[in-house]
Structure formats: C-alpha cells, structure tokens
Amino acid sequence: ALPYIKGRSPSADHVAQAGPLLSSWCTDADPIPLGTLPAWQALDNTDPIFQSLPQDLSSLMIHPVLMHGDFAPWNLRVSANGTWNAFDWERGQFPGVPGWDWFHYVVQTSILVRKEAAPQTMQRLESLIGSNAFQAYTAATGIQSHPRPLLIAYLLHARSLRQTEGAHQIDDLLQLVASKP
C-alpha cells in the first residue's frame, strides 16, 4: 500500500522536523499520574533496571499524549508542502507515554537504518534530549525533569517487544543508558 500514499518517508536525520506532529499529539487534558498509563503499567516492575528508576516517577503528573508506538520513517510520509502524516497505528495508544515516540524514532533509525552501535545511538539520543524541539515538548507534557528515566523506561518497553532485528543493540543501549548517572 505504501506506493499509494503520497509523499516521501523522512530520512533518519529529520527527527527535529517531527516536532510539530508530535507536539500536536499533546493534549491539554488535566495532568494524570504516569503510573496510570497502560504502557507504563505493562513494564516489568521486577526488572532491576526498572527498580533503579526514581521511586516517584510513577506518580509524576504528566499531560497525556497520543502515542503512535512505532513512530519511524517507514510509518511516516512527508507531503510536498512539508506536512507529516503517520500511518500503521497498530501500536497506537491514548493516553500514551510522552517522549517514547521521539526515542523510538532515534533508536530505530540508528539501529536499523544506520546500523550503529550503542555509543553512537546514545550520542543521537543526547542530541535529541538537548534539542529545542524536544525541550519544548517536554515542557508541554510535564516531563522536562525526567527525560533520561523515561528513555530507560522506553528501552525496557522496546526490549519487551521482542523484535528480532536490533534486539542485541537495544540491550546494549539499555545497559549503557542505565549505567550513566
């Protein structure tokens, strides 16, 4: 069906341009505790890495977002006028965990497209976290003080998906991110 969807897939380098679309999925609904989100509740809370996350993270009040769940270039099209459109919503959730779609885009393109190892992927994630677009998004969703713990949680989630391609790199990245202060 892809040939019939107008536009082109964005490149792996265009994560910052995803900002307007991802920000449009933020809601102005009343904040809710992160721990009430189905994706958060599905995490293995017995995992030692999960247990190393700040204890109060589950009670963090966030503005829920629409979460695509597989936000990657192969599920996106950019129209001739620059509008981003997402399709293939089989993992979509509302309410969803803020930031996870951003992390997914960076991790998946780094591992599956660029074939990069954990240190290079981590550099890309650090660039994302420091970007103006991501900073504005974190402020709008209430996660501005917690991007690294949410990245760790995303990686635990990604590992639980049991994708075969890139699984080893996700494990390596999880160990690298979890070992940083």
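**Backbone features, a surface patch and the largest pocket**

Lys 115 is placed in the loop between α4 (100-113) and α5 (118-130), and in this predicted model its phi is near 60 degrees, a positive value in a residue other than glycine. With a relative accessibility of 56%, Lys 115 counts as exposed, because the cut-off for that class is over 50%. A positive phi, near 65 degrees, is also found at Asp 88, again a residue other than glycine, and Asp 88 belongs to the loop between β5 (84-86) and β6. The relative accessibility of Asp 88 is 32%, so Asp 88 counts as partly exposed.

Strand β6 comprises residues 93-96 and contains Pro 95, which is joined to Phe 94 by a cis peptide bond with omega about 0 degrees. Phe 94 also takes part in a nonpolar patch on the surface, formed together with Leu 66 and Trp 89, and the accessible area of the three residues together is about 280 Å². Of these, Leu 66 is located in strand β3 (residues 65-67) and, at 31% relative accessibility, counts as partly exposed.

The largest pocket has a volume of about 180 Å³, and its lining includes Ala 39, Leu 43, Asp 47, Gln 93, His 157 and Arg 162. Helix α7, which spans residues 147-160, gives the most to this lining, with 4 residues. When the lining residues of the largest pocket are divided by character, 4 are nonpolar, 3 are polar and 4 are charged.

Terms used. Residues are numbered from 1 along each chain as its sequence is written. This is a predicted model: local features need pLDDT of at least 70, side-chain atom pairs count only at pLDDT 80 or more; totals for chains, interfaces and linings use all residues. Side-chain values use heavy atoms; hydrogens and water are left out. Patches are made of residues with over 30% relative accessible area and no salt bridge: like charges are joined within 9 Å, nonpolar side chains (Val, Leu, Ile, Met, Phe, Trp, Tyr) within 5 Å. Accessible areas come from the Shrake-Rupley method with a 1.4 Å probe; for residues, only the protein chains shown count as cover. A salt bridge is a side-chain nitrogen of Lys or Arg within 4 Å of a carboxyl oxygen of Asp or Glu. Helices (H or I, at least four residues) and strands (E, at least two) are DSSP runs, numbered from the N terminus. Buried means under 20% relative accessible area, exposed over 50%, partly exposed in between (1.4 Å probe, protein chains only). On a 1 Å grid over the protein atoms alone, a cavity is a set of points where a 1.4 Å probe fits but cannot get out, and a pocket is an open set with protein on both sides within 12 Å along at least five of seven lines; lining residues have an atom within 4 Å of a point. Grid points are joined across faces, edges and corners, and a volume is the space filled by probe spheres set on the points. Ala, Val, Leu, Ile, Met, Phe, Trp, Tyr, Cys and Pro count as nonpolar, Asp, Glu, Lys and Arg as charged, and the others, Gly among them, as polar.
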